[in-house]
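Colleague: I should be grateful for a close look at a single part of this model, namely its sheet. Please describe how the strands pair and what lies against them.

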Amino acid sequence: MHDFKDVEPRNRILELPESIRVLLAKDGLDRDPDEACGALFGRLSPEVITVDSYMPLTNMAENPRHTFTFDPAEWVRCCYTSGLIGIFHSHPTSPPLPSISDMEGLQHFGGLLSLYLIGSKFPANGGAIQDEMPPGTPDGFLLNAYSIARRSNGSYFLENLIMSY
Ligand SMILES: [Zn+2]
């Protein structure tokens with residue numbers, strides 16, 4: 001396990017349009033009890049991450065209820081599309097917090113991406129960064145947002161991101 005608390009948060013802000021939050025929630029709830037997953041496209045600055053679009057991807061995991069694996073062909077296409085900044089996946093039965101397998105997966109693609117979103121049905125049994133439904137959040141779905149950062153030893157970790165509404 002990685003210790004998230006040994007680095008000062010940089011207070012980067014995430015701009016996530018309500019239209020995209022609705023799409024993420026719909027995908028998460030539509031694919032329940034499997035994990036939904038997909039790619040996020042947008043723009044980066046040192047202070048702000050802006051999401052412009054979301055592309056759902058097929059979850060090819062052997063056990064999609066507990067993990068996600070992108071369809072390789074779909075994922076490669078995303079990697080060659082300009083503006084790929086991050087990924088989203090859902091946790092159908094647990095809070096939207098990074099799991100051990102999420103942190104293992106992050107080590108493989110952390111260098112490609114800046115943004116990591118996890119969504120869960122609300123209430124998510126505690127553990128969410130936001131403990132109240134943010135204004136405009138689609139009913140029944142909670143998102144946690146993280147930026148992907150790199151330690152001096154080359155490993156990747158997740159920092160909490162503040163969402164702006
Ligand atoms: Zn996960």
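Modeller: Strands β1 (residues 13-15) and β8 are joined by three bridges and run parallel. Within this pair, Leu14 has Met163 of β8 opposite to it. The model is a predicted one, and the description that follows should be read in that light.

The pair belongs to an open sheet of eight strands, whose order is β7-β6-β5-β4-β2-β3-β1-β8 and whose pairing is mixed. Its edges are formed by β7 (156-160) and β8 (162-164), each of which pairs on one side only. From one strand to the next, the twist averages 35°. As a general point, the strands of a sheet pair through hydrogen bonds of the backbone, in either a parallel or an antiparallel sense.

For the chain as a whole, there are eight strands and three helices, and along the sequence they follow the pattern β-α-β-β-α-β-α-β-β-β-β. The chain has 165 residues, of which 33% count as buried. Of the contacts between residues at least 6 apart in sequence, 69% join residues at least 24 apart.

Turning to β4, one finds that eight of its eight residues are buried, so that this strand is mostly covered. On one side, β4 is joined to β2 by five bridges, and the two strands run antiparallel. Cys37 and His89 of β4 stand opposite each other in this pairing. β4 is also joined to β5, here by six bridges and in the parallel sense. Ser90 has Gly119 in β5 as its bridge partner. Together with helix α3 (residues 100-109), β4 and β5 make up a right-handed β-α-β unit.

From β5 the sheet continues to β6, with seven bridges between the two strands and an antiparallel sense. Gly119 appears again in this pairing, where it stands opposite Leu143 in β6. Gly119 is thus the bridge partner of Ser90 and also the residue opposite Leu143.

β6 is largely enclosed by the rest of the structure, because eight of its ten residues are buried. One residue of this strand that deserves attention is Ser147. Ser147 counts as buried because 22 other C-beta atoms lie within 10 Å, the threshold being 20 or more. Leaving aside residues up to four places away in sequence, Ser147 touches Arg12, Ile49, Ser114, Leu115, Glu159 and Leu161. Of these, Ser114 is 33 residues from Ser147 along the chain, yet their C-alpha atoms are separated by 5.5 Å.

Beyond β6 comes the edge strand β7. β6 and β7 are antiparallel and share five bridges. Ala149 has Phe157 in β7 as its bridge partner. The hairpin formed by β6 and β7 has five residues between the strands, and in it Gly154 adopts a positive phi near 95°.

There remains the question of what lies against these strands, and helix α1 supplies part of the reply. α1 (residues 18-31) comprises 14 residues and reaches 20 Å from its first C-alpha to its last, close to the 20 Å expected at 1.5 Å a residue. Its buried residues are Ile20, Arg21, Leu24, Ala25, Asp27 and Gly28. They lie on the same side of α1, because the arc that they cover around the axis is only 160°. The face turned away from this buried side carries Glu18, Ser19 and Asp30, which are exposed. Among the elements that cover the buried residues of α1 are β2 (37-44), β3 (48-57), β4 (84-91), β5 (115-121) and β6 (141-150).

Gly28, which is placed in helix α1, shows this arrangement at the level of a single residue. Gly28 counts as buried because it has 30 C-beta neighbours inside 10 Å. Apart from residues up to four places away in sequence, it touches Ala36, Ser90, Gly119 and Phe141. Two of these contacts lead back to the pairing described above, since Ser90 and Gly119 are bridge partners between β4 and β5. The C-alpha atoms of Gly28 and Pro56, which are 28 residues apart along the chain, are separated by 9.8 Å.

Terms used
Residues are numbered from 1 along each chain as its sequence is written. This is a predicted model: local features need pLDDT of at least 70, side-chain atom pairs count only at pLDDT 80 or more; totals for chains, interfaces and linings use all residues. Helices (H or I, at least four residues) and strands (E, at least two) are DSSP runs, numbered from the N terminus. The expected span of a helix is 1.5 Å times one less than its number of residues. A residue is buried if 20 or more other C-beta atoms lie within 10 Å of its own, exposed if 12 or fewer, and partly exposed in between; C-beta atoms are placed from the backbone. The arc is that of the directions from the helix axis to the C-beta atoms. Two residues are in contact if their C-beta atoms, placed from the backbone, lie within 7 Å. Two strands pair if DSSP finds at least two bridges between them. A crossover is right-handed if, with the strands pointing away from the viewer, the path from the first strand over the helix to the second runs clockwise. Axes are lines fitted to C-alpha atoms, for helices over the stretch in contact, and angles run from 0 to 180 degrees between N-to-C directions.
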